[in-house]
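Student: I have a model open and would like to understand the labels attached to it. Could we go through them one by one?

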Amino acid sequence: MLTAADLAVVAFTLRIAALGTVLIIGPGIAVALALARYRGPGKSILETLLSLPLVLPPTAVGMLLLSVLARRGLLGRWLDAAGIQVVFTWKAVLLATMVMAFPLLVRSARTAFEEVDPRLDGLARTLGCGPTAAFFRVTLPLAWRGIVGGTVLAFARALGEFGATVMIAGNIPGRTQTLALAIFQASQVGRDDRATTLAGVTVLIAFMTLWTAEWLTRRRNRRVAT
Amino acid sequence: MIEIAVELPLAPFELRVAVRLGDGVTAIMGPSGSGKTSLLEAVAGLRPRARGRIALDGIVLLDTQSGVRLRPERRRVGYVPQGAGLFPHLTVMGNVRFAARGAGSRVRAAIESLELAPLLDRYPATLSGGEQQRVALARSLASDPRLLLLDEPLAALDVALRERFVPYLLRVHDEWKVPVLYVTHNVGEALDLAEAVLLLRTGTVEAHGPALDLLSRPAMARAAEAGIENLRHGRIVAHDDQGGTTRVQLDDGQALAVPLSSSRLPGEAVNLAIRAEDVLLAVEPLRGLSARNIIEARIVTLDRVGPDALLRCRAASASGSEPRPWLVRITPSAVDSLGLVSGQRVWLAIKSHSVRLL
């Protein structure tokens, strides 16, 4: 059964995944909308760069992050001067999950925005809405399904993040160890029972997540389609 | 008075339109890709690259020289695009009151004008094309527009629905007193609805004038082949089961025999349509003819429309200050051999089966 240490790992993982997801929703929607509406040069380069973490080995992404954040790295130097320690702390776990989940959210949300008839935004304007109101009353509700879907995917990805995390946060029990890392460690040291239990918990969480998303989008769908 | 003097670069050409339009209904016609929709969008404020001047009754919407460019939400210009453009996530009620969350009376009036009460809880995906157009029109009206822009509101509808929608458009114009710019490909519609026609070709004004004057232009002839119809409103008088006909009295007093339609009650309002080419014309009183409807009339105008001749005839019995003329389409050789001229007395014959109840 679950020990106190197991429960702590589960709680830490959920907290990190939830926080990471919440933090990328706003920027993710903004970037997705910009990509959907932007029609200028460099669009495809931008899209490719943003999707890169999806296809790179997570350890490679982790390595890049590490080189940027290391004490003598581009950002690390500045963080170090400010007395902020990121590498091998929970902040690194959070950062790794955010970087890995961000492209998934952007991808779904961008497709959702692209599927909204762009004339509807203009129509809302002729009906007296400013650009912000038109976005919140027309474009956003119509892209809702894709955004929820993307958010759920991002959350699921954050739950399971391994490669990038292990590179920049290590696998420190009680400090940076998430479910995915704990399963790996348990199996490495021959604690197969613990690894199996934690894997079971992971399955349960993932199932609940997907099912909730399904329910959220289904409920909304029923009103619009037929 | 609507002043438009805009320039807008489009892909293959530049839209350059400078006109002053009246407060009635102006039909905007012209071949596909001549800039009709772009013109409407420029007026609505949806084309940021439009330059020039647009003013409505002296209220300046755009004047690039003095740096005025009212945002679309400040223009009070109602726009109904092709395909209605309803918000799919909102009910009919949600759509209609989208603009005017406060002003309930306008919303109620718009719902009443367009007879939307039975549809209010439905979502756009469940509506027919004609219903969607009515909702879109009501949504624009509820926003209290100073001008209505309609982009082919009838294009997506089949003929029967199309004719059922026309009375709503006429009612909107009469009741709400809003000037209307109306894009259409259909000459019959333009004749029915519009006082003036603006004809565009590759972004420039080819012609602008009263609807009927333009019909004689060759550019309109091809469009005219789409069909010109006599649309009439009337009431059921009685059914003749033995004779297989239903008697209808039109608003101008003219009685017509139409195919038996016993499901409609006497007194019920009906709209009906008769193709201009289905009206026979004789220069002497007719006897011994199977056609059930013979109308004595006088030729008002005689125009050439493409390969055909289009006559407007006023019924002798028609009452009312300005009865609608009957449109009759015949070949020029018939005009020649009968020696038809304006002012001449004629008899129009209409088979009851040529009358379609809408």
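Tutor: Gladly! Keep in mind that this is a predicted model. Let's start with a pair in chain A: the side chains of Asp193(A) and Arg191(A) meet in a salt bridge, with 3.7 Å from N to O.

Student: What makes Asp193(A) and Arg191(A) a salt bridge?

Tutor: The cut-off is a side-chain nitrogen of Lys or Arg within 4 Å of a carboxyl oxygen of Asp or Glu. Asp193(A) and Arg191(A) have 3.7 Å between N and O, so the pair meets the definition. As background, side chains of opposite charge can pair when their charged atoms come close.

Student: Why is Asp193(A) called exposed?

Tutor: Its relative accessible area is 51%, and exposed means over 50%, so Asp193(A) earns the label. Arg191(A) has 41%; partly exposed covers values between 20% and 50%, so Arg191(A) is partly exposed.

Student: How do you know that Glu7(B) and Arg16(B) form a salt bridge, and which label does each residue get for exposure?

Tutor: Their N to O distance is 3.1 Å, which is within 4 Å, so this is a salt bridge too. Glu7(B) has 26% relative accessibility and counts as partly exposed. Arg16(B), at 43%, also counts as partly exposed.

Student: What does the salt bridge between Asp308(B) and Arg329(B) tie together?

Tutor: Here the closest N and O atoms are 2.9 Å apart. Asp308(B) sits in strand 18 (residues 308-315) of chain B and Arg329(B) in strand 19 (residues 326-330) of chain B, so the pair ties together parts that are 21 residues apart in sequence. Both Asp308(B) and Arg329(B) are buried. In chain A, salt bridges that share partners join Lys43(A), Glu47(A), Arg110(A) and Glu114(A) into one network. Over all chains, the structure holds 23 salt bridges.

Student: Now the nonpolar side. Where does the largest nonpolar core lie, and why?

Tutor: That core has 50 residues, and those with the most contacts inside it include Val96(B), Leu114(B), Leu141(B) and Leu169(B). Domain 1 (2-224) and domain 2 (229-357) of chain B both give residues to the core, so it lies between them. The C-alpha centres of domain 1 of chain B and domain 2 of chain B are 31 Å apart.

Student: Which residues does Leu169(B) touch?

Tutor: Leaving out residues up to four places away in sequence, Leu169(B) touches Leu137(B), Leu150(B), Pro153(B), Leu154(B), Tyr182(B) and Leu193(B). Another core, of 38 residues, lies apart from the largest one; among its residues are Ala124(A), Val138(A), Ile28(B) and Leu181(B).

Student: What makes Asp57(B) and Glu152(B) worth a look at their phi values?

Tutor: Asp57(B) has a phi near 50 degrees, a positive value in a residue other than glycine. Glu152(B) has a positive phi of about 45 degrees although it is not a glycine. Asp57(B) lies in the loop between strand 4 (51-56) and strand 5 (59-63) of chain B. Glu152(B) is in the loop between strand 8 (147-151) and helix 6 (159-176) of chain B.

Student: Are these two loop residues, Asp57(B) and Glu152(B), buried or exposed?

Tutor: Asp57(B) has 55% relative accessibility, which is over 50%, so it counts as exposed. Glu152(B) has 14%, which is under 20%, so it counts as buried.

Student: And how do you know that Thr13(A) is buried?

Tutor: Thr13(A) has 2% relative accessibility, and the limit for buried is under 20%, so the label fits. Thr13(A) lies in helix 1 (residues 4-37) of chain A. Its contacts include Leu159(A) and Leu179(A), not counting residues up to four places away in sequence.

Student: What makes up the nonpolar surface patch?

Tutor: Ile45(A), Leu49(A), Leu52(A), Leu54(A) and Val55(A) make a patch of about 470 Å². Ile45(A) is in helix 2 (residues 43-55) of chain A. Its relative accessible area is 57%, over the 50% limit, so Ile45(A) is exposed.

Student: How many helices and strands does chain A have?

Tutor: Chain A has 10 helices and 0 strands. Of its 226 residues, 43% are buried.

Technical notes: Residues are numbered from 1 along each chain as its sequence is written. Chains are lettered from A and ligands numbered from 1 in the order in which they are written. This is a predicted model: local features need pLDDT of at least 70, side-chain atom pairs count only at pLDDT 80 or more; totals for chains, interfaces and linings use all residues. Side-chain values use heavy atoms; hydrogens and water are left out. A nonpolar core is a set of buried Ala, Val, Leu, Ile, Met, Phe, Trp, Tyr and Cys residues joined through side-chain atoms within 4.5 Å. Buried means under 20% relative accessible area, exposed over 50%, partly exposed in between (1.4 Å probe, protein chains only). Domain bounds come from an automatic or database domain assignment. Contact means heavy atoms within 4.5 Å. Helices (H or I, at least four residues) and strands (E, at least two) are DSSP runs, numbered from the N terminus. Patches are made of residues with over 30% relative accessible area and no salt bridge: like charges are joined within 9 Å, nonpolar side chains (Val, Leu, Ile, Met, Phe, Trp, Tyr) within 5 Å. Accessible areas come from the Shrake-Rupley method with a 1.4 Å probe; for residues, only the protein chains shown count as cover.
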